[in-house]
Amino acid sequence: MSFIALVTLVVRDYDEAIDFYTRALGFELVEDTDRGGGTRWVVVRPGGAEAAGTGLLLARAKNAEEAASVGAQTGGRVGFFLHTGDFAADHARMTAAGVRFLEEPRHEPYGTVAVFQDLYGNRWDLLQPAGD
């Protein structure tokens, strides 16, 4: 069996990223290990996800080229898809936590969805698939 374990997300600062993903999005901090030289191995994952669920490796930009990609890793397109079983509750919680939604929730044949930005401007879909 193969699966994607981690996806790297380049960030400005480890601690501000941990705060946003855990506080505003409700993710769990899975690992935060000092690797020396000012680098850390930081993994967050949506709360309640299975142990084998895909996580985000929060990687602090270490040079100007990497810093230029912060918030633009997918060229302005929605690049991340956060599925939920309770869209209304998660949307309300995230809005109260200061998450910036770029549109009002909409109902599509595939489910209820709204685009939001993370603290760096990366675009995400909050999505409750149809039938959930």
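This passage walks through the sheets, a few individual residues and the main pocket of a predicted model.

One sheet is a good place to start. Four strands make up an open sheet, in the order β1-β4-β3-β2 and with mixed pairing. Its edges are β1 (6–11) and β2 (27–36), each of which pairs on one side only. Ignoring direction, neighbouring strands of this sheet are turned by 25 degrees against each other on average. Within the sheet, β3 (residues 39–46) and β4 run antiparallel and are joined by three bridges; valine 42, for instance, has leucine 58 in β4 as its bridge partner. Helix α1 (residues 14–24) packs on this sheet, where the helix touches β1, β2, β3 and β4. The direction of α1 makes about 10 degrees with that of β3.

Aspartate 19 sits in helix α1. With a relative accessible area of 39%, aspartate 19 is partly exposed, because that value falls between the 20% limit for buried and the 50% limit for exposed residues. Leucine 29 is ten residues away from aspartate 19 in sequence, and the two C-alpha atoms are 9.5 Å apart in space.

Just past β4 comes another residue worth a look. Alanine 61 lies in the loop between β4 and α2 (64–69). Its relative accessibility is 17%, so alanine 61 counts as buried. Leaving aside residues up to four places away in sequence, alanine 61 touches Val10, Val11, Glu66, Ala67 and Val70. Arginine 123 is 62 residues from alanine 61 along the chain, and their C-alpha atoms are separated by 19 Å.

Next come the pairings around β8 (111–117). Strand β6 (residues 100–101) pairs with β8 in the antiparallel sense over two bridges, and phenylalanine 101 stands opposite phenylalanine 116 in β8. Strand β7 (residues 106–108) is also antiparallel to β8, with three bridges joining them. Here arginine 106 has valine 113 of β8 as its bridge partner, and a hairpin with two residues in between joins β7 to β8. β8 and β9 run antiparallel too, this time with seven bridges. Two of the pairs along that stretch are valine 115 with aspartate 125 in β9 and phenylalanine 116 with tryptophan 124 in β9.

Phenylalanine 116 thus turns up twice, opposite phenylalanine 101 and as the bridge partner of tryptophan 124. Aspartate 125 likewise has two partners: valine 115 and, from β5, phenylalanine 81. That second pairing belongs to the contact between β5 and β9, which run parallel and are joined by five bridges.

How covered are these strands? In β8, seven of seven residues are buried, and both faces are covered. Gly111, Val113, Val115 and Gln117 are buried on one side, and Thr112, Ala114 and Phe116 on the other. β9 is mostly covered as well, with six of its seven residues buried.

The hairpin of β8 and β9 has five residues between the strands, and glycine 121 there takes a positive phi near 105 degrees. Asparagine 122 is found in the loop between β8 and β9. Asparagine 122 has a relative accessibility of 1%, so this residue counts as buried. Not counting residues up to four places away in sequence, the contacts of asparagine 122 are Leu9, Gly71, Ala72, Gln73, Phe80, Phe116 and Gln117. Leu9 is a residue of strand β1 (6–11), while Phe116 is on one of the two covered faces of β8 and Gln117 on the other.

That leaves the largest pocket, with a volume of about 420 Å³. A total of 22 residues line this pocket, and the closest to its centre are Phe27, Pro46, Gly47, Leu82 and His83. β4 (55–60), β5 (78–83), α3 (87–96) and β9 (123–129) each supply at least two residues of the lining. β5 gives the most, with five residues. By residue type, the lining divides into eleven nonpolar, nine polar and two charged.

Notes. Residues numbered from 1 in each chain as written. Predicted model: local features only at pLDDT ≥ 70, side-chain atom pairs only at ≥ 80, totals over all residues. Heavy atoms only, no water. 1 Å grid on protein atoms, 1.4 Å probe; cavity = no way out; pocket = protein on both sides within 12 Å on 5 of 7 lines; lining within 4 Å. Points joined across faces, edges and corners; volume = space filled by probe spheres on them. Nonpolar A, V, L, I, M, F, W, Y, C, P; charged D, E, K, R; others polar. Buried < 20%, exposed > 50% of the residue type's maximum accessible area, 1.4 Å probe, protein only. Contact = heavy atoms within 4.5 Å. Pairing = 2+ DSSP bridges. Axes fitted to C-alpha atoms, helices over the stretch in contact; angles between N-to-C directions.
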